[in-house]
Amino acid sequence: MRSMTPPRLIKDTWTSRAGRWLATLLLALATTLVITLVSAPLMAPPAHATGDTLSLSIDNGTTFIYGQSPVPTFSAVVTFGVKPTANYFWMVTIKLDDGESFGNQFAGISSSDGMTLTFTRITSPTPIHAGQHTASASFYDPGTGTTATSNPVPFTMNKATLSIACSVNQTDPNFFGVSQPLRIQVTPFSGGGELPAEWHNGTFTVTFDGPTHVSNSNLIADASFNVAVTSPSKNGRYTLTCSFSGTASYNAVSFTDNRPVIDSMMNPLGSAQLFTNPTTLTASVNTDFYLVLHAASGLPAPNGEFQILLGPWYTKAIPLTSAGDCQILVRAPPSLSGVNQITIVYWGDINYNKANINFPLTNPPIPSGGGGGPGGGGKGQATATAKATGIADATATTGGDAATPTAAGAGGVLTATPPGGDNNGLLLIVVLAVLGMLVALGGAAALVIYVARRRKALAPIGPGGFDPRPSGYAPRYGIAYGDPYPMPPHQQASQSPEPPMPSVDD
C-alpha cells in the first residue's frame, strides 16, 4: 500500500537559485584562473623591448691640432622607439674617455614623422687635450624614462707646435759683459701675442756656442716667460739658442738667433780721432770722414761697428778695419738746422765697451797718404738719413714630432631597453581577460541552466515526492503511466500487477 503522506518538494542543491549562483561563481573563477595562467608569460616584460637608439658621428675628419682650427664637430641622431607625445628640451651629452663632457649648443631637428631627432654642430667649448680620444654620446628620453647610449667614435688630437724667438731682455740684446746675469725673453716668433699658460708646465734650455759651449737647462720661466741665466765667462762672439721641452698639448721647439751676440770684457777705448774733408761740415755737401779708434794699453785695436749721428740724421752701421780705423764718404743731410756736433756711436767688441764720442762740426783735414791714421784708413761711402734701416727678420727653426694620426672607424649602434616592458601589450591582455570572464560567465550560466533542467528531468519520485511529468511518460523509478497518486486500498486487490518497468540500462 502506498503511503498517503502529502508529497514534499525535492530540494536539489544544483537546481536551487543559490546553487546556480554558486556554480556560476565557481566556473567564472576557474575560467579566470585558466586565462591568467595562460597569459602570464605574455605579461612578463619582453627580453629586448624596443627603445630609443642613438648614433654618433664626427663631421670634419679624425685628426686635429690642439688649440687650432678646425675643432672636432659632432652630429648625433636619435631614433625614437615610441613617438614622443610631448615637447621636451632634448639634450645630447658627449663624453670623452678622459672624463670631459659637453652638450649640444643648438636644438635638435625633428623629422616630419616625429620619429627621429638630429643634433648637429656639437663642439667642446674648451680645447680638447692632445692624444688619442674616444667620444660617446648619451640621450635621456623623459617620456619613457630611458637613456640611450651611442656607438664610440675615435679621433686624434695632435700636439700644437708654436714658433718662438728668444733674446736678451735689455736695451741692446746682442751686447753684454762676461759672467753677467742675464734675463732671456721667450716670445712667439711672430713677435706679438702671448705664449699659452700651459708652457709654464714645461722647462727651457738656453745655450751659448762660441769660444766655449755653455748650457743652462731646466729653467723655469716667470709670468712673463723670462728665464734667468749667466753669460759665458770667456769673452767672444756667441750664437744664442733657446729650447722648450714641450707639454701635454705642445711639442718641443727650439730657436737659434742668426745674429751673433757679443760677450765682452767691457774695457774702455784708449782714444778717438776724427778728420774730415772739407774740414767744416756743410749741408748737402759730400764730406770724407776718417775715424781712428786707438787701443787701450795692452789690448788689441778696437773693431766692430760704428754709426755717425748728425742731430736727427744718422748713417747705417759701418764696420771698422782690423786696425780700428775707417775712411768713408758721407753725403751730408740737406739741412743742418739745430745740429751743433758730430756724434760717433761705437757699438763695442769682445774687448771694448760701447761708447759715444762727440766731435765739433769743424775737424782737422785728413792726413795725406790714405788718411795718415794708424794702419791706414778704409774708404767707403755712407749717407746720413733720418729713416731707420730695417734688420732682416729672423728665421725660426722648429722641432719635435707630432703625434701619429689614427684612422677612426664607426662602431655599432647600441639600443636602450625600457625597464617596464610594453604597456600596450599589458592593456591588451587585461582586455582579453575581461572578455574571457564575460564569456565564461555566460557559458557558466548556460551550463547551470542546462544541468538544472537535465537534473529535474531525471529526478526520482519516492515517498513524499511527485512527478510533474505529462501523462504517459515513464521515468526510471516511480509510478508508471502517469498515475500521480497511490491507489486506494480497496482498489489494490483488484488491480492487476503492474508489469515491471524496463531499465534504461538494458
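Rings of Phe, Tyr and Trp (its six-membered ring) pair if their centres lie within 6.5 Å. Tyr 66, Trp 199, Phe 204, Phe 244 and Tyr 250 form one aromatic cluster. The structure is a predicted model, and this briefing covers its aromatic pairs, its disulfide, the pairing of some strands and the surroundings of one glycine.

**Aromatic pairs and cluster**

- The count of aromatic pairs comes to 16.
- One of these is formed by Phe 74 and Phe 102, whose rings are 6.1 Å apart centre to centre, with 45 degrees between the planes, a tilted arrangement.
- This pair joins distant parts of the chain, since Phe 74 belongs to strand 3 (residues 74-79) and Phe 102 to strand 5 (residues 101-103), 28 residues apart.
- Both Phe 74 and Phe 102 are buried.
- Phe 208 and Tyr 238 form an edge-to-face pair, with 6.5 Å from centre to centre and 90 degrees between the planes.
- Here too the pair links distant parts of the chain: Phe 208 is in strand 14 (residues 204-209) and Tyr 238 is in strand 17 (residues 236-244), 30 residues apart.
- Phe 208 has a relative accessible area of 0% and is therefore buried.
- Tyr 238 counts as buried because its relative accessibility is 1%.

**Charge over a ring**

- Arg 121 places its charged end over the ring of Phe 106, at 3.7 Å from the ring centre.
- Arg 121 falls within the residue range of strand 7 (residues 116-122).

**Cysteines**

- The model has one disulfide.
- That disulfide is formed by Cys 166 and Cys 242, with their sulfur atoms 1.9 Å apart.
- The link of Cys 166 and Cys 242 is right-handed, with 95 degrees about the S-S bond.
- Because Cys 166 lies in strand 11 (residues 164-168) and Cys 242 in strand 17, the pair ties together parts of the chain that are 76 residues apart in sequence.
- Strand 17 thus holds Cys 242, and Tyr 238 of the edge-to-face pair is in strand 17 as well.
- Cys 166 and Cys 242 are both buried.
- Cys 326 is also buried, because its relative accessible area is 7%, which is under the 20% limit.

**Strand pairing around strand 3**

- Strand 1 (residues 53-58) pairs with strand 3 in the antiparallel sense, over six bridges.
- Within strand 3, Val 78 is the residue that stands opposite Leu 54.
- Strand 3 also pairs with strand 7 (residues 116-122), again in the antiparallel sense, over five bridges.
- Thr 79 stands opposite Thr 116, which is in strand 7.
- Strand 3 therefore has antiparallel pairings with strand 1 and with strand 7, and Phe 74 of the tilted aromatic pair lies in strand 3.

**Surroundings of Gly 270**

- Gly 270 is located in the loop between strand 19 (261-264) and strand 20 (271-277).
- Its relative accessible area is 44%, so Gly 270 is partly exposed, the class that lies between the 20% and 50% limits.
- Apart from neighbours within four places in sequence, Gly 270 is in contact with His 294, Ala 295 and Ala 296.
- The C-alpha atoms of Gly 270 and Pro 302 are separated by 9.1 Å, and these residues are 32 residues apart along the chain.

Conventions. Residues are numbered from 1 along each chain as its sequence is written. This is a predicted model: local features need pLDDT of at least 70, side-chain atom pairs count only at pLDDT 80 or more; totals for chains, interfaces and linings use all residues. Side-chain values use heavy atoms; hydrogens and water are left out. Helices (H or I, at least four residues) and strands (E, at least two) are DSSP runs, numbered from the N terminus. Buried means under 20% relative accessible area, exposed over 50%, partly exposed in between (1.4 Å probe, protein chains only). Contact means heavy atoms within 4.5 Å. Rings of Phe, Tyr and Trp (its six-membered ring) pair if their centres lie within 6.5 Å; planes under 30 degrees apart count as stacked, over 60 as edge-to-face and the rest as tilted. A charge sits over a ring if NZ of Lys or CZ of Arg is within 6 Å of the ring centre and within 35 degrees of the ring normal. A disulfide is a pair of cysteine sulfur atoms within 2.5 Å. Two strands pair if DSSP finds at least two bridges between them.
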